[in-house]
Amino acid sequence: RLYWIANKIVEMTIEMYREPKKMVEDISALGLRYVGYAIPTELFAPFVSGAVEVVRTMTSNEHAEDAFRWSLTLISKILVRTILEGSTIVMMAINTNHEKALKKAISVSPRGKRAMELLNIVVGTQSISPLYWSVESGSLNSARAMINDLLTIRADRDNYYYGCDELFTRHPEVIQRFCADAAVLLPNLLDGLIWRSRLAVRAQRRVNYYVKHLIQDGDGKFNHALEWLVEGQDQKIICHPAVVLFSDLVWGGVASRYFFLGRCYFVLTLIIFIVSQSIFQHLDGGNNDQGQRIATFLCRIFIYLGSMGQIFFNQAKRLAADCKSKSFVSLGCIKVPEYLTDMQNLGSLALMVILLLMCTQEPVFYCAAEFGADGDLFTQDCPSVLDPPTRKHAYTALSMFAMLLYWALLIDLTVFSMRISAYTLVCGRVLSEVGLFLGGMLFLIVAFSSSIGALKHKIKDFADIPKGALSLLEIALGMFPTDHFEQIQKQVPVLIAVSLFVIIVIIFLLNLLVAQLNGAYQAIYNDMVGFARLNRGSIIVSTLHGVSAKRWDRFLAALKLDERLEFNEGDVGLAGGIQVLEPSNANPTTVDAIRRFGGSTSPTMPWPQENDTGNDEDDKIERLEKVILRATKKMGGSGSKRGGGSSSMGSGGWASGSAGSGGSAGVEEE
């Protein structure tokens, strides 16, 4: 590491002559990094002298030595200037990682520039964000204090001051940054976007949600905040009232309509598939006339071209996108495209494959050569299909699986109801417990069927292992014929084995499954709404890519985000939000969230000193320390008086001196 630093210094001294302008910018950026590390500037001069001394021992060329000295001295001066100009009281307070130090440092800032001093420090052409630096350095207490200060509404007699616009203008990607590096700060950030009135009128309370910068970016397009929150997969944050409000606004105003229209075509293909596969073939007892056969053929052609073709196009487009971006996921030793990790895309691929297999086994195609033989146009019952009958059986089996996949792919329509969507997700989450039960039951069926097969008996239902396994499965599912139990009762060893199987599977495993499902449901009950909202959020993000700019602009105009909202009646406040009414008992508020100050209204004046409530945990500990030190001082003084008269050997004096020194230390520390 030290060799690398030495080589880098030599390179910088040379580059200073080649590209001085670029080097000044790079060195200024490096100096701003040193501001955060609190590097003492008095170390630069000795370092330059030491480096020059080393170079002097390596060369006798005085011009090279002077050139190195001049270049390195210039670099050190640029660094010192950058550090001195960038070492604001805010940056120094960040290094302490203490909220009180940060509040004290920012309290002297002019009210008009208070927000930017927390967000931007400029030295020359370079800048650094104190907020981001506090996150990078792990000073999360300072970062939390900065967020709370920025999103506190303050007011004088003329203006309201609120740092929301400055925060999202300086850092439009702040949600993404917090999701990746400081998720614990997201609740503070989102809480700061909500204002609640402490006054209730007719059991209703005004609430302002300042979510403009969560809905739109600086160019008026859809903000990526929801996408970043969905990628974070935090089911708690996605249920925050501010996130719920703006996501529901986007869903109800734009996304739901476009999503439903996009799924209408899929619903249409499902209806046509049901008609062609499950309705037409059973009309008139299966004796279809020529009109019904023509309708069946047209429906199937539409499915092969319109449904399978569309799925193929979508799959190819997603595959090409993943290949272009090299987005692959390793499943063991196999790499698959990332889009297949989504169950909806995987189900669509499976449906496409099954429809392709159905097309290869289509009976109408095999009977095409015999259409003119007996006048049955588009018939499905010809010798080529019926002999052997396995082709038609395979086609009907594939049709059944395709029908199930069609219905399974409609599950995403549950997103229209959070309650139904949450229930569906819960069912998916507890399937692993059902899988464990089925695995255990399969193991027991194989074990008991092979064990019964080793017995000598004459029961046909357990003649071999496959028949025994099938009979045990029927017993477990309650499908075994009751009259066959009479034969089992006559064979005592078989009866014992079957009885033991029933006790283990039906009594033990089945009740264990109920307990597992109950436990799993209780474990994820509190999070199921969050998972449902994450699912809706991902659908909103994917749907809005197809929304036209004109439709989006109409939606933003309907929200009227540029109009100023009232705080209370007649108190016109800030723009950029949505006002709603909530029940007064939902979130009781007894303190005015707006901090109002009298006196001067000049933007160059700092805010008056705020009264500290003293309820902070650090304040409590500090007060406790003072009380202990004060008590120690008093105890030391009284001990000195008693000890001085009770011992002639000086032990009292020693105790007095010890206590006195402890008391004086306590006084100095206090």
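Start by selecting helix α11 (residues 174-181) and helix α14 (residues 225-232), which pack with their axes 9 Å apart and at an angle of about 10 degrees. Since angles under 35 degrees count as roughly parallel, α11 and α14 are therefore roughly parallel to each other. Bear in mind along the way that this is a predicted model. To see how the two helices meet, show side chains: Ile175, Gln176 and Cys179 belong to α11, and they meet Ala225, Trp228 and Leu229 of α14.

**Along α11**

Stay on this helix and pick Asp181 and Arg177. Their side chains meet in a salt bridge, at 2.9 Å from N to O. Why can these two reach each other along the helix? Asp181 and Arg177 are four residues apart in α11, so about one helical turn separates them. Asp181 is partly exposed, as its relative accessible area is 47%.

**A salt-bridge network**

Side chains of opposite charge can pair when their charged atoms come close. The whole structure has 21 salt bridges by a full search, and the next selection shows several residues joined up. Select Glu53, Arg56, Glu65, Asp66 and Arg69: salt bridges link these residues in a network. Zoom in on Arg56 and Glu53, whose side chains form a salt bridge with an N to O distance of 2.6 Å. Both residues sit in helix α3 (residues 44-58), three residues apart, which is about one turn of the helix. Are Arg56 and Glu53 buried or exposed, or something in between? Arg56 has a relative accessible area of 34%, so Arg56 is partly exposed. Glu53 also counts as partly exposed, because its relative accessibility is 44%.

**From α15 to α26**

Now for a pair that spans a long stretch of sequence. Select Asp248 and Arg536, which form a salt bridge with their closest N and O atoms 3.2 Å apart. Asp248 lies in helix α15 (residues 241-279) and Arg536 in helix α26 (residues 528-544), so this pair ties together parts that are 288 residues apart in sequence. The two partners fall into separate exposure classes: Asp248 is partly exposed at 28% relative accessibility, whereas Arg536 is buried, with a relative accessible area of 7%.

Next, select Cys239, in the loop between α14 and α15. Which residues does Cys239 touch, not counting those up to four places away in sequence? The list is Val244, Val529, Gly530 and Arg533. Put a distance label on the C-alpha atoms of Cys239 and Gly530: the value is 5.8 Å, for two residues 291 apart along the chain. Cys239 itself is partly exposed, with a relative accessible area of 31%.

**Another long-range meeting**

Move to Ser107, in the loop between α6 (99-106) and α7 (114-119). Leaving aside neighbours within four places in sequence, Ser107 is in contact with Arg114, Pro606 and Trp607. Add Pro608 to the selection as well: the C-alpha atoms of Ser107 and Pro608 are separated by 8.2 Å, while the residues are 501 apart along the chain.

**Inside α16**

Select Thr296 in helix α16 (residues 290-325). Thr296 has a relative accessible area of 4%, so this residue is buried. Around Thr296 you can pick out Ser276, Phe280 and Gln380, the residues it touches when those up to four places away in sequence are not counted.

**Two positive phi angles**

For a backbone check, go to Lys326, in the loop between α16 and β7 (328-331). Lys326 is not a glycine, yet its phi is positive, at about 55 degrees. Lys326 is exposed, with a relative accessible area of 69%. Then jump to Asn97, in the loop between α5 (89-96) and α6. Asn97 is another residue other than glycine with a positive phi, near 55 degrees. At 24% relative accessibility, Asn97 counts as partly exposed.

**Last stop: a nonpolar patch**

Finish with a surface view and select Leu470, Leu473, Leu477 and Met479. Together they make a nonpolar surface patch of about 390 Å². Leu470 is found in helix α23 (residues 465-477), and it counts as partly exposed, because its relative accessibility is 49%.

Conventions: Residues are numbered from 1 along each chain as its sequence is written. This is a predicted model: local features need pLDDT of at least 70, side-chain atom pairs count only at pLDDT 80 or more; totals for chains, interfaces and linings use all residues. Side-chain values use heavy atoms; hydrogens and water are left out. Patches are made of residues with over 30% relative accessible area and no salt bridge: like charges are joined within 9 Å, nonpolar side chains (Val, Leu, Ile, Met, Phe, Trp, Tyr) within 5 Å. Accessible areas come from the Shrake-Rupley method with a 1.4 Å probe; for residues, only the protein chains shown count as cover. A salt bridge is a side-chain nitrogen of Lys or Arg within 4 Å of a carboxyl oxygen of Asp or Glu. Buried means under 20% relative accessible area, exposed over 50%, partly exposed in between (1.4 Å probe, protein chains only). Axes are lines fitted to C-alpha atoms, for helices over the stretch in contact, and angles run from 0 to 180 degrees between N-to-C directions. Angles under 35 degrees count as roughly parallel, over 145 as roughly antiparallel, 65 to 115 as roughly perpendicular and the rest as oblique. Contact means heavy atoms within 4.5 Å.
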